[in-house]
Amino acid sequence: MEKPYVIGIDIGGTNTVFGVVDARGTILYSGSIKTSKHADIKDYITELAKGLDIVIDQAGGYDKIKGIGVGAPNGNYFSGCIEFAPNLPWKGQIPLAQLISEAVRGIPVTLTNDANAAAIGEMTYGAARGMKDFIVITLGTGVGSGIVVGGNLVYGHDGFAGELGHTIIRRKNGRKCGCGREGCLEAYTSATGVARTAREILELRSDESILRDVDPDEITSKDVYDAAMKGDKVALEIFEFTGHMLGEAFADFVAFSSPEAIILFGGLTKAGDLIMNPIREAMEQNMLKVFAGKTKLIFSQLKESDAAVLGASALGWESKDID
């Protein structure tokens, strides 16, 4: 029997979003569960399987599903394992592809890094259509990246190439990162990094700010954005600082692979020009002359949840049928 659909699953630090996708890249049925509330991987798989059961039923049953693709932090394409993901509740090596497949009657499951899934989504359906060389940067709970060179995702020899969020941007007295090292880009420019910058400024300085009305431990990047939209000087400074740090890093990334574009994806991109203008300025200020003005900076054209789900789903078509 022909199997017309695949499933894409995007596992984030906070939420897991999944959808049934047809050959044209249309998400027909979708659902989500909370990632962060499941400290035990078995409980997570149980709830995910229930959610998948619902959308598979809506699509006409298990006989209609060819394969499942999963994008997850530290997801290894070669082994099918999540390995030491700092922003997920489960530690060590988790054989995620196998666990999901066993929970959904043996449907073949292919796993990749969540940012790689977003890059595949952009290349197939979004801002990177027609591009052979580009980088997708995901700005969410962490900072991820998917690097495409010559039309192919860069996996490296072990499946983990492209951890640009964990390049060290501050060598002296850098912030402690979730990965255990100090000074990583992610520690400053993720959504959690933006909130951290806000807390540091409010603690060390006495500037007036709307952000002082929020419990310091509860401040989020959205609070900073809301304050910036009201003209709050501290909030505007935070975006300036964050954007400049990203721009400095992007200038180095361009020197590595000379991408046609760097595509920004994820919750922090909702800040629009507040984040884009300082990125662009710092990137060009720090760019090696031979690359000046050559790399486009653009926002993802796909809905935040769709890009990673669609990208992950593309892996489902590669799955070998095991009737």
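Modeller: Accessible areas here come from the Shrake-Rupley method with a 1.4 Å probe. The model is a predicted one.

Colleague: How much area does the chain expose, and what share do carbon and sulfur atoms supply?

Modeller: The chain exposes about 14600 Å², and 50% of that is supplied by carbon and sulfur atoms. Buried residues account for 54% of the 323 residues.

Colleague: How many helices and strands are there?

Modeller: The chain has nine helices and twelve strands. Its radius of gyration is 20 Å, close to the 20 Å from the globule rule for 323 residues, so the chain is as compact as a globular protein of that length. Along the principal axes, the C-alpha atoms fill a box of roughly 65 × 45 × 35 Å.

Colleague: Turning to E11 and E12, do they run parallel or antiparallel?

Modeller: Strand E11 (residues 261-265) and strand E12 (residues 296-299) run parallel, joined by four bridges. Leu264 stands opposite Phe299 in E12.

Colleague: And which helix belongs to the unit with E11 and E12?

Modeller: That is helix H8 (residues 273-285); with E11 and E12 it makes a right-handed β-α-β unit.

Colleague: Another topic: is Tyr188 buried or exposed, and why?

Modeller: Tyr188, in helix H4 (residues 186-189), has 7% relative accessibility; because buried means under 20%, Tyr188 counts as buried.

Colleague: Which residues is Tyr188 in contact with, leaving aside neighbours within four places in sequence?

Modeller: Among them are Ile169, Arg170, Val194, Phe241 and Met245. Ile120 is 68 residues from Tyr188 along the chain, and their C-alpha atoms are separated by 26 Å.

Note on methods
Residues numbered from 1 in each chain as written. Predicted model: local features only at pLDDT ≥ 70, side-chain atom pairs only at ≥ 80, totals over all residues. Heavy atoms only, no water. Pairing = 2+ DSSP bridges. Helix = DSSP H or I, 4+ residues; strand = E, 2+ residues; numbered from the N terminus. Right-handed = clockwise from strand over helix to strand, strands pointing away. Rg over C-alpha atoms; globule rule 2.2 N^0.38 Å. Buried < 20%, exposed > 50% of the residue type's maximum accessible area, 1.4 Å probe, protein only. Contact = heavy atoms within 4.5 Å.
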